[in-house]
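Reader: I would like to know what the terms used for this structure rest on. Please take them one at a time.

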Number of protein chains: 2
Amino acid sequence: MSKKMDPRVIRTRQLLRDALVALIDEQGYEKITVQDITQRATLNRATFYLHYRDKLDLLYQSSEEALHELVSSIHPPSEEKKDFDLLPNYEQPHETFMHLFEQIALNSKLYKVYLTEKNIPYFSDGLKDIIINFVSSGIQVMEPDDQKLTVPREMAVRFYAAAFLEVIVWWLENDMPYTPKFMATQLMRITIKGPYIDNPFER
Amino acid sequence: MSKKMDPRVIRTRQLLRDALVALIDEQGYEKITVQDITQRATLNRATFYLHYRDKLDLLYQSSEEALHELVSSIHPPSEEKKDFDLLPNYEQPHETFMHLFEQIALNSKLYKVYLTEKNIPYFSDGLKDIIINFVSSGIQVMEPDDQKLTVPREMAVRFYAAAFLEVIVWWLENDMPYTPKFMATQLMRITIKGPYIDNPFER
DNA sequence: TGTATTATCGACACCGTGTCGTTAATATAA
DNA sequence: TTATATTAACGACACGGTGTCGATAATACA
(Lines give C-alpha, C1' and ligand atoms only; values in the text may rest on other atoms or scores of the structure.)
Protein backbone atom coordinates (compact mmCIF):
# COMPACT_ATOMS: atom_id res chain seq x y z
CA MET A 1 0.00 0.00 0.00
CA SER A 2 2.92 2.33 0.65
CA LYS A 3 4.68 1.02 -2.44
CA LYS A 4 3.13 3.42 -4.86
CA MET A 5 3.35 6.41 -2.57
CA ASP A 6 5.61 9.37 -3.14
CA PRO A 7 8.53 8.98 -0.73
CA ARG A 8 8.08 12.60 0.33
CA VAL A 9 4.59 11.79 1.56
CA ILE A 10 5.85 8.83 3.56
CA ARG A 11 8.61 10.95 5.02
CA THR A 12 6.29 13.80 5.90
CA ARG A 13 3.75 11.59 7.65
CA GLN A 14 6.44 9.77 9.58
CA LEU A 15 7.89 13.08 10.70
CA LEU A 16 4.47 14.19 11.93
CA ARG A 17 3.83 10.92 13.76
CA ASP A 18 7.22 10.91 15.45
CA ALA A 19 6.77 14.55 16.42
CA LEU A 20 3.42 13.74 18.01
CA VAL A 21 4.84 10.92 20.12
CA ALA A 22 7.78 13.04 21.23
CA LEU A 23 5.59 16.02 22.12
CA ILE A 24 3.08 13.93 24.06
CA ASP A 25 5.98 12.54 26.04
CA GLU A 26 7.30 16.03 26.76
CA GLN A 27 4.21 18.08 27.48
CA GLY A 28 1.13 15.85 27.34
CA TYR A 29 -1.43 15.47 24.61
CA GLU A 30 -3.84 18.26 25.41
CA LYS A 31 -1.46 21.17 25.37
CA ILE A 32 -0.08 20.27 21.96
CA THR A 33 -1.09 22.46 19.01
CA VAL A 34 -0.78 21.78 15.31
CA GLN A 35 1.78 24.56 15.30
CA ASP A 36 3.91 22.63 17.83
CA ILE A 37 3.73 19.46 15.77
CA THR A 38 4.73 21.02 12.47
CA GLN A 39 7.44 23.07 14.12
CA ARG A 40 8.93 19.93 15.68
CA ALA A 41 8.65 18.10 12.37
CA THR A 42 10.26 21.06 10.58
CA LEU A 43 7.29 21.38 8.27
CA ASN A 44 4.98 24.21 7.40
CA ARG A 45 1.72 24.26 9.27
CA ALA A 46 -0.32 24.22 6.06
CA THR A 47 1.43 21.00 5.08
CA PHE A 48 -0.14 19.29 8.09
CA TYR A 49 -3.61 19.84 6.66
CA LEU A 50 -2.62 18.15 3.40
CA HIS A 51 -2.38 14.89 5.36
CA TYR A 52 -4.54 15.07 8.47
CA ARG A 53 -7.76 16.82 9.40
CA ASP A 54 -6.54 17.85 12.85
CA LYS A 55 -4.47 16.69 15.82
CA LEU A 56 -6.98 13.99 16.71
CA ASP A 57 -6.96 12.58 13.19
CA LEU A 58 -3.20 12.22 13.32
CA LEU A 59 -3.48 10.38 16.62
CA TYR A 60 -6.25 8.11 15.31
CA GLN A 61 -4.34 7.11 12.21
CA SER A 62 -1.15 6.47 14.17
CA SER A 63 -3.10 4.37 16.65
CA GLU A 64 -4.92 2.41 13.99
CA GLU A 65 -1.66 1.58 12.28
CA ALA A 66 0.02 0.35 15.46
CA LEU A 67 -2.98 -1.68 16.60
CA HIS A 68 -3.42 -3.21 13.17
CA GLU A 69 0.19 -4.33 13.21
CA LEU A 70 -0.38 -5.88 16.62
CA VAL A 71 -3.43 -7.85 15.55
CA SER A 72 -1.75 -9.01 12.35
CA SER A 73 1.29 -10.26 14.20
CA ILE A 74 -0.80 -12.17 16.73
CA HIS A 75 -3.60 -13.58 14.66
CA PRO A 76 -1.82 -16.45 12.89
CA PRO A 77 -1.29 -19.05 15.65
CA SER A 78 1.38 -21.61 14.97
CA GLU A 79 -0.58 -24.56 13.62
CA GLU A 80 1.19 -27.42 15.31
CA LYS A 81 0.52 -26.07 18.79
CA LYS A 82 -3.15 -25.47 18.29
CA ASP A 83 -4.45 -28.34 20.37
CA PHE A 84 -1.98 -27.66 23.08
CA ASP A 85 -3.09 -24.06 23.33
CA LEU A 86 -6.69 -24.99 23.72
CA LEU A 87 -5.82 -26.37 27.13
CA PRO A 88 -2.63 -24.63 28.13
CA ASN A 89 -0.68 -25.59 31.16
CA TYR A 90 -1.09 -22.69 33.48
CA GLU A 91 2.60 -22.76 34.41
CA GLN A 92 3.49 -22.55 30.75
CA PRO A 93 3.30 -19.15 29.11
CA HIS A 94 0.38 -18.81 26.73
CA GLU A 95 1.69 -18.32 23.23
CA THR A 96 -0.62 -15.46 22.34
CA PHE A 97 0.26 -13.66 25.56
CA MET A 98 3.91 -13.93 24.66
CA HIS A 99 3.33 -12.59 21.15
CA LEU A 100 1.44 -9.71 22.66
CA PHE A 101 4.26 -8.70 24.99
CA GLU A 102 6.89 -9.24 22.34
CA GLN A 103 5.12 -7.12 19.77
CA ILE A 104 4.60 -4.33 22.31
CA ALA A 105 8.28 -4.46 23.20
CA LEU A 106 9.17 -3.97 19.53
CA ASN A 107 7.21 -0.68 19.50
CA SER A 108 7.60 0.14 23.17
CA LYS A 109 8.17 3.86 22.79
CA LEU A 110 4.81 4.41 21.12
CA TYR A 111 3.01 1.99 23.44
CA LYS A 112 4.46 3.52 26.56
CA VAL A 113 3.54 7.05 25.55
CA TYR A 114 0.09 6.22 24.19
CA LEU A 115 -0.84 3.96 27.13
CA THR A 116 0.68 5.76 30.11
CA GLU A 117 0.22 9.43 29.28
CA LYS A 118 -3.03 10.88 30.51
CA ASN A 119 -5.97 11.56 28.24
CA ILE A 120 -4.79 10.01 25.02
CA PRO A 121 -7.98 9.34 23.11
CA TYR A 122 -8.72 6.05 21.39
CA PHE A 123 -5.55 4.00 21.82
CA SER A 124 -6.26 2.45 25.23
CA ASP A 125 -9.81 1.62 24.25
CA GLY A 126 -8.66 0.15 20.97
CA LEU A 127 -6.19 -2.12 22.70
CA LYS A 128 -8.76 -3.02 25.33
CA ASP A 129 -11.17 -4.12 22.61
CA ILE A 130 -8.49 -6.36 21.15
CA ILE A 131 -7.85 -7.91 24.55
CA ILE A 132 -11.57 -8.29 25.19
CA ASN A 133 -11.92 -10.32 22.00
CA PHE A 134 -8.96 -12.44 22.98
CA VAL A 135 -10.23 -13.07 26.50
CA SER A 136 -13.76 -13.67 25.30
CA SER A 137 -12.75 -16.37 22.83
CA GLY A 138 -10.36 -17.83 25.39
CA ILE A 139 -13.08 -18.26 27.99
CA GLN A 140 -15.50 -19.49 25.34
CA VAL A 141 -13.11 -22.26 24.36
CA MET A 142 -12.33 -23.23 27.94
CA GLU A 143 -15.92 -23.17 29.20
CA PRO A 144 -18.85 -22.77 26.80
CA ASP A 145 -21.37 -23.42 29.58
CA ASP A 146 -22.41 -20.23 31.40
CA GLN A 147 -23.46 -22.29 34.41
CA LYS A 148 -19.87 -23.27 35.09
CA LEU A 149 -18.58 -19.73 35.30
CA THR A 150 -18.25 -18.13 38.71
CA VAL A 151 -19.80 -14.85 37.51
CA PRO A 152 -21.78 -13.63 34.46
CA ARG A 153 -19.72 -14.18 31.32
CA GLU A 154 -19.60 -10.58 30.22
CA MET A 155 -18.50 -9.47 33.66
CA ALA A 156 -15.68 -12.01 33.67
CA VAL A 157 -14.50 -10.94 30.22
CA ARG A 158 -14.35 -7.28 31.19
CA PHE A 159 -12.74 -8.17 34.53
CA TYR A 160 -9.80 -10.02 33.01
CA ALA A 161 -9.41 -7.82 29.94
CA ALA A 162 -9.00 -4.73 32.08
CA ALA A 163 -6.68 -6.59 34.43
CA PHE A 164 -4.45 -7.75 31.56
CA LEU A 165 -4.31 -4.28 30.08
CA GLU A 166 -3.36 -2.81 33.43
CA VAL A 167 -0.51 -5.28 33.82
CA ILE A 168 0.77 -4.29 30.38
CA VAL A 169 0.66 -0.63 31.42
CA TRP A 170 2.44 -1.47 34.67
CA TRP A 171 5.10 -3.34 32.72
CA LEU A 172 5.68 -0.37 30.40
CA GLU A 173 5.66 2.16 33.23
CA ASN A 174 8.47 0.23 34.88
CA ASP A 175 10.42 0.02 31.61
CA MET A 176 9.76 -3.67 31.00
CA PRO A 177 11.60 -5.20 34.00
CA TYR A 178 10.58 -8.76 33.04
CA THR A 179 10.72 -10.77 29.81
CA PRO A 180 7.60 -11.34 27.71
CA LYS A 181 7.78 -15.01 28.63
CA PHE A 182 7.82 -14.25 32.35
CA MET A 183 4.94 -11.80 32.01
CA ALA A 184 2.85 -14.28 30.04
CA THR A 185 3.46 -16.91 32.71
CA GLN A 186 2.46 -14.56 35.50
CA LEU A 187 -0.79 -13.59 33.81
CA MET A 188 -1.69 -17.20 33.23
CA ARG A 189 -1.01 -18.11 36.86
CA ILE A 190 -2.89 -15.26 38.54
CA THR A 191 -5.87 -15.76 36.25
CA ILE A 192 -6.20 -19.46 37.03
CA LYS A 193 -4.99 -19.62 40.62
CA GLY A 194 -5.97 -16.19 41.95
CA PRO A 195 -3.66 -14.07 44.09
CA TYR A 196 -2.78 -16.62 46.79
CA ILE A 197 -0.76 -19.82 46.41
CA ASP A 198 -2.60 -21.46 49.30
CA ASN A 199 -6.20 -20.41 49.01
CA PRO A 200 -6.98 -19.19 52.55
CA PHE A 201 -10.70 -19.70 52.09
CA GLU A 202 -10.99 -23.39 51.47
CA ARG A 203 -9.22 -26.72 51.18
CA MET B 1 -16.97 24.64 55.31
CA SER B 2 -19.91 25.66 53.18
CA LYS B 3 -21.66 27.13 56.22
CA LYS B 4 -20.13 30.56 55.95
CA MET B 5 -20.48 30.81 52.20
CA ASP B 6 -22.81 33.15 50.40
CA PRO B 7 -25.71 31.03 49.19
CA ARG B 8 -25.37 32.64 45.77
CA VAL B 9 -21.89 31.20 45.49
CA ILE B 10 -23.13 27.75 46.36
CA ARG B 11 -25.91 28.09 43.84
CA THR B 12 -23.61 29.36 41.12
CA ARG B 13 -21.05 26.59 41.59
CA GLN B 14 -23.72 23.93 41.66
CA LEU B 15 -25.19 25.33 38.43
CA LEU B 16 -21.78 25.16 36.79
CA ARG B 17 -21.10 21.61 37.98
CA ASP B 18 -24.47 20.35 36.88
CA ALA B 19 -24.04 22.07 33.52
CA LEU B 20 -20.68 20.36 33.05
CA VAL B 21 -22.08 16.89 33.73
CA ALA B 22 -25.02 17.48 31.41
CA LEU B 23 -22.84 18.80 28.61
CA ILE B 24 -20.31 15.98 28.86
CA ASP B 25 -23.20 13.55 28.59
CA GLU B 26 -24.53 15.35 25.52
CA GLN B 27 -21.44 16.19 23.49
CA GLY B 28 -18.36 14.82 25.24
CA TYR B 29 -15.81 16.63 27.34
CA GLU B 30 -13.41 17.89 24.73
CA LYS B 31 -15.82 19.86 22.59
CA ILE B 32 -17.21 21.79 25.54
CA THR B 33 -16.22 25.46 25.88
CA VAL B 34 -16.54 27.75 28.85
CA GLN B 35 -19.11 29.58 26.79
CA ASP B 36 -21.20 26.42 26.55
CA ILE B 37 -21.04 25.84 30.28
CA THR B 38 -22.06 29.33 31.32
CA GLN B 39 -24.77 29.46 28.70
CA ARG B 40 -26.24 26.19 29.99
CA ALA B 41 -25.98 27.43 33.55
CA THR B 42 -27.61 30.74 32.55
CA LEU B 43 -24.64 32.69 33.86
CA ASN B 44 -22.33 35.22 32.30
CA ARG B 45 -19.07 33.85 30.99
CA ALA B 46 -17.05 36.23 33.15
CA THR B 47 -18.81 34.82 36.21
CA PHE B 48 -17.22 31.46 35.52
CA TYR B 49 -13.75 32.91 36.07
CA LEU B 50 -14.75 34.22 39.48
CA HIS B 51 -14.98 30.60 40.64
CA TYR B 52 -12.79 28.41 38.42
CA ARG B 53 -9.58 28.91 36.48
CA ASP B 54 -10.78 26.99 33.44
CA LYS B 55 -12.82 24.01 32.31
CA LEU B 56 -10.28 21.57 33.73
CA ASP B 57 -10.31 23.24 37.13
CA LEU B 58 -14.08 22.87 37.31
CA LEU B 59 -13.76 19.19 36.48
CA TYR B 60 -11.00 18.68 39.03
CA GLN B 61 -12.91 20.29 41.86
CA SER B 62 -16.08 18.39 41.02
CA SER B 63 -14.11 15.16 40.93
CA GLU B 64 -12.28 15.84 44.17
CA GLU B 65 -15.55 16.54 45.93
CA ALA B 66 -17.21 13.35 44.72
CA LEU B 67 -14.18 11.15 45.47
CA HIS B 68 -13.75 12.70 48.89
CA GLU B 69 -17.36 11.90 49.70
CA LEU B 70 -16.76 8.33 48.57
CA VAL B 71 -13.70 7.83 50.76
CA SER B 72 -15.38 9.42 53.77
CA SER B 73 -18.42 7.18 53.46
CA ILE B 74 -16.30 4.05 53.19
CA HIS B 75 -13.50 4.64 55.62
CA PRO B 76 -15.28 4.04 58.93
CA PRO B 77 -15.78 0.25 59.04
CA SER B 78 -18.43 -1.00 61.42
CA GLU B 79 -16.44 -1.93 64.51
CA GLU B 80 -18.18 -5.12 65.51
CA LYS B 81 -17.52 -6.79 62.16
CA LYS B 82 -13.83 -6.06 62.05
CA ASP B 83 -12.55 -9.54 62.79
CA PHE B 84 -15.04 -11.07 60.46
CA ASP B 85 -13.93 -8.83 57.61
CA LEU B 86 -10.33 -9.77 58.03
CA LEU B 87 -11.20 -13.22 56.79
CA PRO B 88 -14.41 -12.82 54.87
CA ASN B 89 -16.36 -15.72 53.55
CA TYR B 90 -15.93 -15.48 49.81
CA GLU B 91 -19.62 -16.21 49.24
CA GLN B 92 -20.52 -13.35 51.54
CA PRO B 93 -20.33 -9.84 50.10
CA HIS B 94 -17.44 -7.84 51.44
CA GLU B 95 -18.76 -4.93 53.43
CA THR B 96 -16.45 -2.35 51.88
CA PHE B 97 -17.34 -3.52 48.39
CA MET B 98 -20.99 -3.05 49.21
CA HIS B 99 -20.44 0.44 50.55
CA LEU B 100 -18.55 1.26 47.40
CA PHE B 101 -21.36 0.20 45.08
CA GLU B 102 -24.00 1.79 47.28
CA GLN B 103 -22.23 5.12 47.38
CA ILE B 104 -21.73 5.10 43.64
CA ALA B 105 -25.41 4.32 43.15
CA LEU B 106 -26.31 7.38 45.23
CA ASN B 107 -24.38 9.61 42.81
CA SER B 108 -24.74 7.44 39.76
CA LYS B 109 -25.35 10.19 37.23
CA LEU B 110 -21.99 11.80 37.92
CA TYR B 111 -20.15 8.48 38.17
CA LYS B 112 -21.61 7.17 34.96
CA VAL B 113 -20.72 10.29 33.00
CA TYR B 114 -17.27 10.76 34.53
CA LEU B 115 -16.32 7.09 34.23
CA THR B 116 -17.85 6.05 30.93
CA GLU B 117 -17.41 9.12 28.74
CA LYS B 118 -14.14 9.19 26.84
CA ASN B 119 -11.20 11.33 27.85
CA ILE B 120 -12.41 12.70 31.14
CA PRO B 121 -9.21 13.72 32.92
CA TYR B 122 -8.48 12.80 36.52
CA PHE B 123 -11.62 11.07 37.75
CA SER B 124 -10.90 7.51 36.63
CA ASP B 125 -7.35 7.71 37.89
CA GLY B 126 -8.48 9.16 41.19
CA LEU B 127 -10.95 6.34 41.72
CA LYS B 128 -8.37 3.79 40.63
CA ASP B 129 -5.96 5.10 43.26
CA ILE B 130 -8.64 4.66 45.91
CA ILE B 131 -9.26 1.10 44.80
CA ILE B 132 -5.53 0.38 44.64
CA ASN B 133 -5.19 1.41 48.27
CA PHE B 134 -8.13 -0.74 49.20
CA VAL B 135 -6.84 -3.79 47.31
CA SER B 136 -3.32 -3.30 48.56
CA SER B 137 -4.31 -3.28 52.23
CA GLY B 138 -6.69 -6.16 51.62
CA ILE B 139 -3.98 -8.37 50.17
CA GLN B 140 -1.55 -7.22 52.85
CA VAL B 141 -3.93 -8.36 55.58
CA MET B 142 -4.69 -11.67 53.91
CA GLU B 143 -1.11 -12.54 53.01
CA PRO B 144 1.82 -10.48 54.32
CA ASP B 145 4.33 -12.97 52.93
CA ASP B 146 5.38 -12.18 49.36
CA GLN B 147 6.42 -15.79 48.85
CA LYS B 148 2.85 -16.98 49.14
CA LEU B 149 1.56 -14.75 46.37
CA THR B 150 1.21 -16.23 42.90
CA VAL B 151 2.75 -13.13 41.26
CA PRO B 152 4.71 -10.03 42.37
CA ARG B 153 2.64 -8.07 44.90
CA GLU B 154 2.51 -4.85 42.96
CA MET B 155 1.42 -6.68 39.85
CA ALA B 156 -1.38 -8.39 41.72
CA VAL B 157 -2.57 -5.11 43.23
CA ARG B 158 -2.74 -3.39 39.87
CA PHE B 159 -4.35 -6.46 38.29
CA TYR B 160 -7.28 -6.59 40.70
CA ALA B 161 -7.67 -2.85 41.11
CA ALA B 162 -8.11 -2.36 37.37
CA ALA B 163 -10.41 -5.36 37.20
CA PHE B 164 -12.64 -4.03 39.99
CA LEU B 165 -12.80 -0.60 38.40
CA GLU B 166 -13.75 -2.12 35.07
CA VAL B 167 -16.58 -4.07 36.65
CA ILE B 168 -17.86 -0.85 38.23
CA VAL B 169 -17.79 0.81 34.81
CA TRP B 170 -19.54 -2.17 33.27
CA TRP B 171 -22.21 -1.97 35.96
CA LEU B 172 -22.80 1.73 35.29
CA GLU B 173 -22.79 1.33 31.52
CA ASN B 174 -25.57 -1.22 31.86
CA ASP B 175 -27.55 1.05 34.23
CA MET B 176 -26.87 -0.94 37.37
CA PRO B 177 -28.69 -4.19 36.50
CA TYR B 178 -27.67 -5.86 39.79
CA THR B 179 -27.81 -4.81 43.44
CA PRO B 180 -24.68 -3.61 45.26
CA LYS B 181 -24.86 -6.75 47.38
CA PHE B 182 -24.87 -9.00 44.32
CA MET B 183 -22.01 -7.10 42.72
CA ALA B 184 -19.91 -7.29 45.88
CA THR B 185 -20.52 -11.04 46.04
CA GLN B 186 -19.50 -11.54 42.42
CA LEU B 187 -16.27 -9.62 42.82
CA MET B 188 -15.35 -11.61 45.89
CA ARG B 189 -16.03 -14.90 44.14
CA ILE B 190 -14.15 -14.25 40.89
CA THR B 191 -11.18 -12.88 42.81
CA ILE B 192 -10.81 -15.93 45.01
CA LYS B 193 -12.02 -18.71 42.72
CA GLY B 194 -11.07 -17.38 39.30
CA PRO B 195 -13.36 -17.57 36.29
CA TYR B 196 -14.26 -21.29 36.38
CA ILE B 197 -16.27 -23.14 39.03
CA ASP B 198 -14.41 -26.35 38.31
CA ASN B 199 -10.78 -25.49 37.72
CA PRO B 200 -10.00 -27.26 34.44
CA PHE B 201 -6.28 -27.24 35.12
CA GLU B 202 -5.96 -29.29 38.26
CA ARG B 203 -7.71 -31.34 40.91
C1' DT C 1 14.44 16.72 -19.27
C1' DG C 2 9.36 17.48 -18.72
C1' DT C 3 5.32 16.99 -16.04
C1' DA C 4 2.70 16.17 -12.15
C1' DT C 5 2.72 16.06 -7.35
C1' DT C 6 3.81 18.02 -3.03
C1' DA C 7 5.74 21.54 0.11
C1' DT C 8 6.39 26.38 1.19
C1' DC C 9 4.92 30.91 2.20
C1' DG C 10 2.15 34.85 3.55
C1' DA C 11 -2.35 36.25 4.45
C1' DC C 12 -7.13 36.05 5.89
C1' DA C 13 -11.44 35.67 8.78
C1' DC C 14 -13.09 33.06 12.57
C1' DC C 15 -13.59 31.54 17.27
C1' DG C 16 -12.65 30.76 22.12
C1' DT C 17 -9.90 32.68 25.87
C1' DG C 18 -8.80 35.46 29.80
C1' DT C 19 -9.16 39.99 31.73
C1' DC C 20 -10.64 44.62 32.11
C1' DG C 21 -13.84 48.52 34.29
C1' DT C 22 -18.42 49.73 35.14
C1' DT C 23 -23.03 48.93 36.57
C1' DA C 24 -26.77 46.10 38.63
C1' DA C 25 -28.54 42.77 41.82
C1' DT C 26 -28.69 40.39 46.15
C1' DA C 27 -27.57 38.51 50.84
C1' DT C 28 -26.87 39.66 55.50
C1' DA C 29 -26.41 42.39 59.53
C1' DA C 30 -27.53 46.65 61.90
C1' DT D 1 -36.43 48.11 56.65
C1' DT D 2 -32.34 49.96 55.33
C1' DA D 3 -27.23 50.20 54.71
C1' DT D 4 -23.24 47.95 53.20
C1' DA D 5 -20.45 44.61 51.30
C1' DT D 6 -20.24 40.93 48.20
C1' DT D 7 -21.14 38.96 43.89
C1' DA D 8 -23.12 38.84 39.12
C1' DA D 9 -23.91 40.95 34.71
C1' DC D 10 -22.37 43.28 30.79
C1' DG D 11 -19.65 45.00 26.90
C1' DA D 12 -15.15 45.41 25.14
C1' DC D 13 -10.41 44.29 24.31
C1' DA D 14 -6.04 41.92 22.71
C1' DC D 15 -4.30 37.43 22.13
C1' DG D 16 -3.47 32.93 20.13
C1' DG D 17 -4.70 28.81 17.51
C1' DT D 18 -7.49 27.26 13.58
C1' DG D 19 -8.58 26.13 8.90
C1' DT D 20 -8.24 27.73 4.21
C1' DC D 21 -6.64 30.22 0.24
C1' DG D 22 -3.70 31.38 -3.98
C1' DA D 23 0.77 31.78 -5.74
C1' DT D 24 5.41 30.05 -5.93
C1' DA D 25 9.24 26.73 -5.25
C1' DA D 26 11.03 22.12 -4.80
C1' DT D 27 10.99 17.33 -5.77
C1' DA D 28 9.89 12.51 -7.65
C1' DC D 29 9.41 9.76 -11.52
C1' DA D 30 8.45 8.53 -16.27
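Author: Two residues are in contact if their C-beta atoms, placed from the backbone, lie within 7 Å. The model is predicted. By that cut-off, the contact between the chains takes 36 residues from chain A and 36 residues from chain B.

Reader: Which elements make up the side of chain A that touches chain B?

Author: Those giving two or more residues are α8 (123-142), α9 (153-173) and α10 (180-193) of chain A. The largest share, 11 residues, comes from α9(A). By residue type, this side of chain A divides into 22 nonpolar, 6 polar and 8 charged.

Reader: Why is F101(B) called buried?

Author: The term requires 20 or more other C-beta atoms within 10 Å. F101(B) has 22, so it is buried. F101(B) belongs to helix α6 (residues 95-106) of chain B.

Reader: What does F101(B) touch, leaving out residues up to four places away in sequence?

Author: F101(B) touches P180(B), M183(B) and A184(B). F101(B) and A184(B) are 83 residues apart in sequence, yet their C-alpha atoms are 7.7 Å apart in space.

Reader: What makes a residue count as near DNA strand C?

Author: Its C-beta atom must lie within 6 Å of the strand. There are 19 residues around DNA strand C, of which T12(A), A46(A), T47(A), T33(B) and V34(B) come nearest. Elements giving two or more residues to this surface are α1 (7-27) and α3 (45-51) of chain A, with α1 (7-27), α2 (34-40) and α3 (45-51) of chain B. The surface near DNA strand C has 8 nonpolar, 5 polar and 6 charged residues.

Methods:
Residues numbered from 1 in each chain as written. Chains lettered and ligands numbered in written order. Predicted model: local features only at pLDDT ≥ 70, side-chain atom pairs only at ≥ 80, totals over all residues. Helix = DSSP H or I, 4+ residues; strand = E, 2+ residues; numbered from the N terminus. Nonpolar A, V, L, I, M, F, W, Y, C, P; charged D, E, K, R; others polar. Buried ≥ 20, exposed ≤ 12 C-beta atoms within 10 Å, placed from the backbone.
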